[in-house]
Amino acid sequence: MVFMGPDPCAECEQMLQPFLDRELSEDEFAIAEAHLDECGYCRKRYKFEETLRRYVRQAVVEEMPPELKQKLAALRTPL
Amino acid sequence: MSEVQPETDARAIAEEARARVRFEEEVLELADQVYRVARRLVSTREEAEDLVQETYARAFRSWRSYTPGTNLRAWIFRILTNLNIDRGRREQRTPTTQPLEEGDYFLYNRLEADAGSDDERRILERLSQDEIVHALSEVPHDFRDVIVLVDIGDFTYQDAAQILDIPIGTVMSRLHRGRRILKKELAEASVGESA
């Protein structure tokens with residue numbers, strides 16, 4: 001997919017999501033990892049993305065109201 | 001032979017009733033997860049409750065179409081997303097325009113500049129829970145459905161593809177674009193606040 005050309009940080013940015021989703025091939029993963037080892041700029045942004053995903057998940061999860069559970073149980077087929 | 005038949009029938013009926021009860025119990029155990037996803041597919045709590053009730057009413061009605069031993073979670077979420085798509089098409093007939101998106105580093109760059117810090121936790125503290133909820137709701141349906149299934153429902157790409165009846169490549173591209181759109185919305189929310 002990518003090889004580190006003249007703008008490795010731009011390429012690394014392209015790989016951020018597939019990297020965190022573990023979608024990259026082994027070769028691509030190794031390329032991204034080698035760049036991240038030496039580039040604090042990209043490392044920070046990868047770390048941020050990881051934390052952001054957790055943060056968004058916590059923010060948007062809303063638990064089911066208990067009355068709804070009872071309503072659903074009432075929809076069951078009577079025996 | 002005619003004496004054996006009623007007994008066999010009775011046994012078959014009892015067996016079917018037991019299988020149905022088992023099915024209903026298993027599907028009810030998934031209700032918390034179904035609600036969490038439903039809540040973010042639609043705008044309001046009331047809509048989410050209606051959608052979940054419709055989903056369960058249909059699931060209980062059509063339980064025979066579920067093949068035991070296959071992925072029950074994917075089966076019930078497929079009912080949920082289909083019902084939601086039907087409802088969405090009724091309510092929102094205007095075609096969704098393709099929103100602009102920025103690169104994956106855009107949000108960090110924007111927030112870092114505003115926060116004057118590169119600590120990711122301090123940067124994230126600039127976003128309130130309401131802003132995040134609102135930003136997600138601004139992501140167009142096709143993209144949001146995939147984000148919600150994968151990032152909140154914890155489905156694999158394969159399962160999300162099966163649930164939404166789209167190719168796995170489309171799941172990936174919608175997920176990647178959807179997350180970028182979400183980050184652009186979050187950046188706009190944070191800028192609005194600091195302005």
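This is a short tutorial dialogue on reading a predicted model with chains A and B.

Student: Let's start with chain A. How many helices and strands does chain A have?

Tutor: Chain A has four helices and zero strands. Read from the N terminus, the order is α-α-α-α.

Student: Why is chain A described as more spread out than a compact globule?

Tutor: The idea is to set the radius of gyration against the value from the globule rule. For the 79 residues of chain A the rule gives 12 Å, but the radius of gyration is 21 Å, well over that value, so chain A is more spread out than a compact globule. The box filled by its C-alpha atoms, taken along the principal axes, is roughly 70 × 25 × 15 Å. As for burial, 19% of the 79 residues in chain A are buried.

Student: Where does chain A touch chain B, and which helix gives the largest share?

Tutor: Contacts are counted residue by residue: 28 residues of chain A are in contact with 33 residues of chain B. On the chain A side, helices H1 (8–20), H3 (40–60) and H4 (66–74) each supply at least two residues. The largest share, 13 residues, comes from H3(A). By character, the touching side of chain A divides into 14 nonpolar, three polar and 11 charged residues.

Student: And how do I read a helix in chain B?

Tutor: An α-helix has 3.6 residues a turn, so residues three or four places apart point the same way. In helix H5 of chain B (residues 106–115), the buried residues are B:Leu107, B:Tyr108, B:Arg110, B:Leu111 and B:Glu112.

Student: What phi does B:Gly116 take just after H5(B)?

Tutor: B:Gly116 takes a positive phi there, about 65°.

Terms used. Residues are numbered from 1 along each chain as its sequence is written. Chains are lettered from A and ligands numbered from 1 in the order in which they are written. This is a predicted model: local features need pLDDT of at least 70, side-chain atom pairs count only at pLDDT 80 or more; totals for chains, interfaces and linings use all residues. The radius of gyration is taken over C-alpha atoms; the globule rule is 2.2 Å times the number of residues to the power 0.38. A residue is buried if 20 or more other C-beta atoms lie within 10 Å of its own, exposed if 12 or fewer, and partly exposed in between; C-beta atoms are placed from the backbone. Two residues are in contact if their C-beta atoms, placed from the backbone, lie within 7 Å. Ala, Val, Leu, Ile, Met, Phe, Trp, Tyr, Cys and Pro count as nonpolar, Asp, Glu, Lys and Arg as charged, and the others, Gly among them, as polar.
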